[in-house]
Amino acid sequence: MTVTEETKATHVFPVTQVTESRRNAVNFQDLRFGDVFSDHMFELVYKNGKWDNGQIIPYGPVSIMPSANILHYGQGAFEGMKAFTMENGAINVFRLRDHYKRFNDSCKRLNIPSIPEEVFTQAILQLVDLDRQWVPKDKFKSLYLRPFVFATEEFLGLKTSTAYRFYVITGPVGNYYREGINPVKLTTMPDYVRAVKGGVGNAKVPGNYAASLYPAHVAMKEGYSQVLWLDAIERKYVEEVGAMNIFFVIDGKVVTSPLTGTILPGVTRRSVLELCQIWNLPAEERMLSIDELFDAWREGRLTEAFGSGTAAVISPVGVIHHKGETLTLDTEKMGPVAERLYKAITGIHHGTEADPSAWCTVI
Ligand SMILES: Cc1ncc(COP(=O)(O)O)c(C=O)c1O
């Protein structure tokens with residue numbers, strides 16, 4: 001086992017500690033996703049042209065004016081990342097730099113002033129270190145980290161805000177899907193689209209998710225976990241899933257949609273492609289039409305489908321529905337490629353597999 005050199009989480013931000021931790025009230029054996037939050041959060045304020053007043057405070061309500069830009073025009077961005085307890089007891093914040101870069105890109109697209117990388121990094125490391133008792137100890141559980149920024153200027157009218165707040169909240173999580181790591185069911189929704197080129201599909205911003213909720217609701221009513229989005233122009237090319245990038249194994253090759261501006265450049269997607277490269281497993285980033293996918297399935301050439309995401313890690317897909325036709329893969333378990341990736345990625349998370357390329361920030 002190789003462990004990346006430990007980084008000291010230097011404590012530069014002032015801290016107001018909770019008087020009593022809520023941790024004892026949490027059942028760490030039965031964690032779901034996104035419903036439990038740790039004791040503290042990080043706060044940073046932008047005004048008069050600069051980010052300042054970084055501090056760690058008890059997790060709690062945030063007060064903004066009813067006229068704040070975020071509530072009307074949605075100028076905001078966020079990230080989703082995880083910290084893990086490693087086999088040796090240290091804590092691993094996974095692919096911190098990659099998440100920062102994507103956050104910065106999302107901010108740029110929404111014309112939100114950039115947060116310096118060292119501030120973002122330091123905030124996360126100090127916060128995770130302070131609440132390290134909240135990082136679940138067992139494998140396949142983690143501390144989910146949610147950095148987010150939003151515009152707070154009191155002004156009604158469409159313009160870039162001059163005031164913002166940035167927070168990081170965290171919470172212990174188990175599996176993202178109710179299915180656990182069992183295969184999920186997806187459906188296309190050709191009447192709806194998620195993103196168009198030139199829009200904000202490749203940024204992690206609230207509006208993308210808000211717009212996906214109604215189609216996702218319809219899909220769920222019909223028994224599917226998430227929507228498999230098709231491209232917005234021809235409504236034919238497979239793009240991604242609600243909160244995951246999508247991969248297929250066709251003719252023994254791993255295939256995923258290219259980053260053409262309409263899908264989120266997933267950090268896990270990147271880990272998958274990098275691992276395929278290390279393993280000499282052929283992988284292609286290319287346009288794949290839903291018809292080609294179904295043809296490959298009919299001809300027995302489609303052997304696996306799986307999603308990748310920070311929340312979902314590697315989630316096998318067992319069923320894909322499209323316009324009255326249903327493609328079914330092994331609905332009982334993961335295929336061999338998905339399983340190999342799942343084991344490698346979770347192994348790197350928990351320090352039982354070598355870190356391929358400085359993916360881990362260990363504190
Ligand atoms: C729309 C969308 N696609 C893909 C992903 C996967 O990205 P990542 O692997 O960086 O979590 C996510 C999750 O953040 C997502 O929300």
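This text follows helix α5 of a predicted model through its contacts, the spaces beside it and some further local features. Local features need pLDDT of at least 70, side-chain atom pairs count only at pLDDT 80 or more, and totals for chains, interfaces and linings use all residues. Residues are numbered from 1 along each chain as its sequence is written, and side-chain values use heavy atoms, with hydrogens and water left out.

Helix α5 covers residues 267-278; helices (H or I, at least four residues) and strands (E, at least two) are DSSP runs, numbered from the N terminus. Its 12 residues reach 16 Å from the first C-alpha to the last, close to the 16 Å expected at 1.5 Å a residue, where the expected span is 1.5 Å times one less than the number of residues. The buried residues of α5 are Val267, Thr268, Arg269, Ser271, Val272, Leu273, Leu275 and Cys276. Here buried means under 20% relative accessible area, exposed over 50%, and partly exposed in between, with a 1.4 Å probe and protein chains only. After α5 comes Asn280, whose phi is positive, near 55°.

Charged residues of α5 take part in salt bridges, each defined as a side-chain nitrogen of Lys or Arg within 4 Å of a carboxyl oxygen of Asp or Glu. Side chains of opposite charge can pair when their charged atoms come close. Arg269 and Glu285 meet in such a bridge, at 2.7 Å from N to O. This pair links distant parts of the chain, with Glu285 in strand β13 (residues 283-285) and Arg269 in helix α5, 16 residues apart. Arg269 is buried, at a relative accessible area of 3%, whereas Glu285 is partly exposed at 46%. A network of salt bridges links Arg95, Asp98, Arg270 and Glu274.

Arg270 also appears beside the second largest pocket, as one of the residues nearest its centre, together with Arg102, Asp105, Leu259 and Pro265. On a 1 Å grid over the protein atoms alone, a pocket is an open set of points with protein on both sides within 12 Å along at least five of seven lines, a cavity is a set of points where a 1.4 Å probe fits but cannot get out, and lining residues have an atom within 4 Å of a point. The second largest pocket holds about 280 Å³ of space; grid points are joined across faces, edges and corners, and a volume is the space filled by probe spheres set on the points. Its lining has 15 residues, and the elements giving two or more of them are α2 (96-109) and α5. The most come from α2, with 6 residues. The lining divides into 5 nonpolar, 3 polar and 7 charged residues; Ala, Val, Leu, Ile, Met, Phe, Trp, Tyr, Cys and Pro count as nonpolar, Asp, Glu, Lys and Arg as charged, and the others, Gly among them, as polar. Because domain 1 (23-174 + 355-362) and domain 2 (184-332) both give residues to this lining, the pocket lies between them. The domain bounds come from an automatic or database domain assignment.

The start of α5 leads to an enclosed space. The whole structure contains 4 cavities of 30 Å³ or more, and the second largest has about 90 Å³ of space. Val267 and Thr268 belong to its lining, along with Met81, Lys82, Phe84, Phe94, His99, Gly309, Thr310, Ile345 and His349. At least two lining residues come from each of β4 (81-85), α5 and α7 (336-349), with β4 giving the most, 3 residues. By class, the lining has 5 nonpolar, 5 polar and 1 charged residue. Domain 1 and domain 2 each supply at least three residues to this cavity lining.

Beyond the helix, the whole structure has 24 salt bridges. Among them, Lys141 pairs with Asp138, with the closest N and O atoms 2.8 Å apart; Lys141 is buried at 12% and Asp138 partly exposed at 30%. Arg301 and Glu299 also form a salt bridge, at 2.8 Å between the closest N and O atoms. Arg301 is partly exposed at 28%, while Glu299 is exposed at 51%.

Backbone angles close the account. Most residues other than glycine have a negative phi. Asn111, in the loop between α2 and α3 (117-130), has a positive phi near 55° and is partly exposed at 47%. Val313, in strand β15 (residues 313-322), also has a positive phi of about 55°, but Val313 is buried, at 12% relative accessible area.
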